Amino acid sequence: MFGIGNVNLDVKNHHFDFSVKNDAIGYQVGVEAGYQIENLDLAFGFKDISSDIKGVDVRSSGPFVGLRYNF
């Protein structure tokens with residue numbers, strides 16, 4: 001999977017009445033495999049998500065597992 005899109009960052013601290021909002025272009029890339037058993041889908045894979053917001057590299061990567069029920 002591969003995707004490019006707009007990433008919105010909204011950080012709020014209600015205790016100090018402080019907030020920061022910004023957006024930037026980001027990307028997502030990953031690989032996924034799955035197995036379907038009747039109405040259940042089991043997926044697993046690896047994902048890397050990254051964006052550079054005002055010079056700060058915001059990144060998340062690692063394995064994932066998902067379960068979905070199909071009605």
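The accessible surface of the protein amounts to about 6,000 Å², and carbon and sulfur atoms hold 58% of that area. The model is a predicted one. Buried residues account for 15% of the 71 residues in the protein.

The overall dimensions come next. Along the principal axes, the C-alpha atoms of the protein occupy a box of roughly 50 × 25 × 20 Å. The radius of gyration of the protein is 17 Å, whereas a compact globule of 71 residues would have a value near 11 Å. As for charge, the protein carries 6 positive and 9 negative charges, and the mean positions of these two sets are 5 Å apart.

The secondary structure consists of four strands and zero helices, and the order along the sequence is β-β-β-β. Of the contacts in the protein with a separation of 6 or more, 32% are between residues 24 or more positions apart.

The loop between strand 2 (18–37) and strand 3 (40–53) contains Glu38. The phi angle of Glu38 is near 50 degrees, which is a positive value in a residue other than glycine. Glu38 counts as exposed because its relative accessibility is 75%, and the category requires over 50%.

Beyond this loop, several residues of strand 3 may be followed in turn. Asp41 has its place in strand 3. With a relative accessible area of 15%, Asp41 falls under the 20% limit and is therefore buried. Leaving out residues up to four places away in sequence, Asp41 touches Tyr35 and Gln36, and also Gly66, Leu67, Arg68 and Asn70. For one of these partners, Leu67, the sequence separation from Asp41 is 26 residues, while the C-alpha to C-alpha distance is 5.7 Å.

Ala43 also lies in strand 3. Its relative accessible area is 15%, so Ala43 is classed as buried. When neighbours within four places in sequence are set aside, the contacts of Ala43 are Glu32, Ala33 and Gly34, together with Phe64, Val65 and Gly66. A pair without such proximity is Ala43 and Val11: these residues are 32 positions apart in sequence, and their C-alpha atoms are 31 Å apart in space.

Asp52 is a further residue of strand 3. At 48% relative accessibility, Asp52 is partly exposed, because the value lies between the limits of 20% and 50%. Not counting residues up to four places away in sequence, Asp52 touches Ala24, Ile25 and Asp57. The C-alpha atom of Asp52 is separated by 7.2 Å from that of Gly26, a residue 26 positions away along the chain.

The contact between Ala43 and Phe64 leads to strand 4 (residues 56–69), where Phe64 is found. Phe64 has a relative accessible area of 22% and is for that reason partly exposed, since the buried category requires a value under 20%. With residues up to four places away in sequence excluded, Phe64 touches Met1, Val31 and Glu32, as well as Ala43, Phe44, Gly45, Phe46 and Lys47. By contrast, the C-alpha atoms of Phe64 and Gln36 are separated by 17 Å, with their positions 28 residues apart along the chain.

The account ends with the aromatic rings. The count of aromatic pairs comes to one. Tyr69 and Phe71 form this pair, with 5.1 Å from centre to centre and 85 degrees between the planes, an edge-to-face arrangement. The angle places the pair in this class because planes over 60 degrees apart count as edge-to-face. The two rings belong to residues in separate accessibility classes: Tyr69 is partly exposed, at 46% relative accessibility, whereas Phe71 is exposed, with a relative accessible area of 94%.

Notes: Residues numbered from 1 in each chain as written. Predicted model: local features only at pLDDT ≥ 70, side-chain atom pairs only at ≥ 80, totals over all residues. Heavy atoms only, no water. Helix = DSSP H or I, 4+ residues; strand = E, 2+ residues; numbered from the N terminus. Buried < 20%, exposed > 50% of the residue type's maximum accessible area, 1.4 Å probe, protein only. Rg over C-alpha atoms; globule rule 2.2 N^0.38 Å. Contact = heavy atoms within 4.5 Å. Areas by Shrake-Rupley, 256 points an atom, 1.4 Å probe, with all protein chains shown as cover. Lys, Arg positive; Asp, Glu negative; His and termini not counted. Charge placed at Lys NZ, Arg CZ, Asp CG, Glu CD. Phe/Tyr/Trp six-rings, centres within 6.5 Å; stacked < 30°, edge-to-face > 60°.
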